[in-house]
Amino acid sequence: MKKHKIALIPGDGIGPEVVAEGVKVLKAIEQADENLSFEFTEFPWGCEYYLENGKMMDEDGLEQLKDFDVIYLGAVGYPGVPDHISLWDLLLKIRKGFDQYVNLRPVTLLNPSLTPLKNKTEKDIDFLVIRENSEGEYAGAGDWLFKGKPEEVALQTGVFSRKGTERIIRYAFEEARKRKKTLTSISKANALNYSMVFWDEVFEEVSKEYPDVGTYSYLVDAASMFFVMQPERFEIVVTSNLFGDILTDIGAAITGGMGLATGANINPDREFPSMFEPVHGSAPDISGKGLANPIAAIWSIAQMMDFFGEEEWGKQIVTTIKKLIDEGEQLTPDLGGKASTEELGSHFTNLLIEGL
Ligand code: NAI
Ligand code: MG
């Protein structure tokens with residue numbers, strides 16, 4: 001029997017609503033699979049916690065989390081707390097503190113009706129974006145000089161270390177080799193004449209160790225166009241923190257929107273817990289109304305199962321999401337349906353178990 005310790009951080013807005021549906025799926029898996037069991041511990045951290053306690057999480061929060069196998073997070077952020085506080089004091093603190101330097105974001109179309117792109121089907125849109133998750137433009141390096149004066153200057157430095165750049169590119173090559181796929185690097189060396197020239201050089205260098213992997217290299221502006229015009233070009237993509245953030249929103253848009261997009265923050269060395277979360281935020285505009293689509297959060301469970309080495313479950317979850325969308329009867333309003341968050345979640349769990 002394999003037992004996995006899961007830390008739950010439901011967070012704010014629709015976070016708790018979608019996490020509840022993900023937990024339902026985990027409990028169904030636990031029931032159906034006698035070799036698996038999960039132990040849940042919930043943490044009340046987020047913006048509400050901040051308004052009461054003046055902090056997004058406890059000072060020793062990382063210490064409290066470090067012995068879990070994984071963290072399952074909903075979303076953080078709410079009107080009344082500045083977004084850079086909720087992001088930096090919780091999400092980025094965990095990603096950085098636990099060296100989750102790989103962000104895996106699948107861009108997979110499950111049904112042609114979900115894409116706004118003309119004449120594109122499941123065959124055309126099926127790739128994985130591997131986003132650098134620890135440095136780059138999100139390193140927090142910079143300054144704000146002469147604040148409030150006419151001569152004020154804001155500096156935000158992109159940090160690209162040899163170690164950080166090489167390890168993400170190497171990780172991507174390993175994935176491409178394992179899956180027998182091509183690898184596309186996305187950068188911007190024409191304008192960013194230090195960081196991205198360096199990135200391209202490292203990509204070139206590491207590629208020599210993987211002669212079996214076919215490679216492409218695009219500028220981020222051209223790549224954004226190809227995401228929309230010719231998504232079939234991509235199989236595995238590796239890119240920097242900021243570019244990855246932006247590109248994967250395009251990825252979400254061409255595969256059904258924020259209600260479906262998932263992302264895993266991985267510490268490949270498994271020295272610290274990895275974190276699984278939907279890509280979307282706390283959506284204050286729809287929270288508390290049962291309107292949130294829980295599929296992104298459920299898809300995160302598929303990524304979690306892959307991480308646990310339970311790939312059969314991972315596959316089964318994605319297949320069931322596809323089945324649920326093909327059926328089209330129990331969908332939330334963002335996908336044109338009338339079901340509530342909870343109804344979709346319960347229906348999903350039934351389909352998952354029926355499909356075994
Ligand atoms: P958002 O992703 O929360 O919402 C964008 C739009 O998509 C909204 O119209 C929302 O209703 C819709 N949407 C999002 N998730 C949905 C779902 N599951 N089902 C149906 N519709 C969905 O992004 P926004 O509005 O920019 O940010 C809101 C708050 O969330 C901010 O405080 C922001 O900082 C935070 N945020 C947190 C993230 C995280 O915790 N990982 C990621 C992105 C934003
Ligand atoms: Mg984002």
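In this predicted model, the buried residues of helix H6 pack against helix H5 (162-179) and against two strands, E8 (183-187) and E9 (215-219). The buried positions of H6 are Met196, Trp199, Val202, Phe203 and Val206, and because they cover an arc of only 115° around the axis, they are placed on the same side of the helix. The face of H6 turned away from this buried side carries Glu201 and Glu205, both of them exposed. The length of the helix was also examined: H6 comprises 13 residues (195-207), which at 1.5 Å a residue should span 18 Å, and its end C-alpha atoms are 18 Å apart, so the expected and computed values agree.

At the level of the whole chain, the protein is divided into domain 1, made up of residues 1-106 and 257-356, and domain 2, made up of residues 126-253. The centres of the two domains, taken over C-alpha atoms, are separated by 25 Å. Contact between them involves 18 residues of domain 1 and 17 residues of domain 2. On the side of domain 1 that touches domain 2, helix H4 (83-97) and strand E4 (102-108) each supply at least two residues, with E4 giving the most, namely five residues. By residue class, this side of domain 1 divides into ten nonpolar, four polar and four charged residues.

The largest nonpolar core contains 94 residues, and those with the most contacts inside it are Ile71, Tyr72, Ile130, Ala172, Ile298 and Ile317. Helix H9 (residues 295-307) accounts for the largest share of this core, with nine residues, and at least three core residues are drawn from each of domain 1 and domain 2. In soluble globular proteins, nonpolar side chains tend to be buried together. For isoleucine 130, when residues up to four places away in sequence are not counted, the residues touched are Val102, Leu104, Ile168, Tyr171, Ala172, Glu175, Ile236, Val237 and Val238.

Glutamate 152, by contrast with the buried positions described above, lies in the loop between strand E6 (136-145) and strand E7 (153-159). This residue counts as exposed because it has 10 C-beta neighbours inside 10 Å, where the limit for an exposed residue is 12 or fewer. Apart from neighbours within four places in sequence, glutamate 152 is in contact with Leu145, Phe146 and Lys147. Its C-alpha atom is separated by 30 Å from that of cysteine 47, a residue 105 places away along the chain.

Conventions:
Residues are numbered from 1 along each chain as its sequence is written. Chains are lettered from A and ligands numbered from 1 in the order in which they are written. This is a predicted model: local features need pLDDT of at least 70, side-chain atom pairs count only at pLDDT 80 or more; totals for chains, interfaces and linings use all residues. A nonpolar core is a set of buried Ala, Val, Leu, Ile, Met, Phe, Trp, Tyr and Cys residues joined through C-beta atoms within 7 Å. A residue is buried if 20 or more other C-beta atoms lie within 10 Å of its own, exposed if 12 or fewer, and partly exposed in between; C-beta atoms are placed from the backbone. Helices (H or I, at least four residues) and strands (E, at least two) are DSSP runs, numbered from the N terminus. Domain bounds come from an automatic or database domain assignment. Two residues are in contact if their C-beta atoms, placed from the backbone, lie within 7 Å. The expected span of a helix is 1.5 Å times one less than its number of residues. The arc is that of the directions from the helix axis to the C-beta atoms. Ala, Val, Leu, Ile, Met, Phe, Trp, Tyr, Cys and Pro count as nonpolar, Asp, Glu, Lys and Arg as charged, and the others, Gly among them, as polar.
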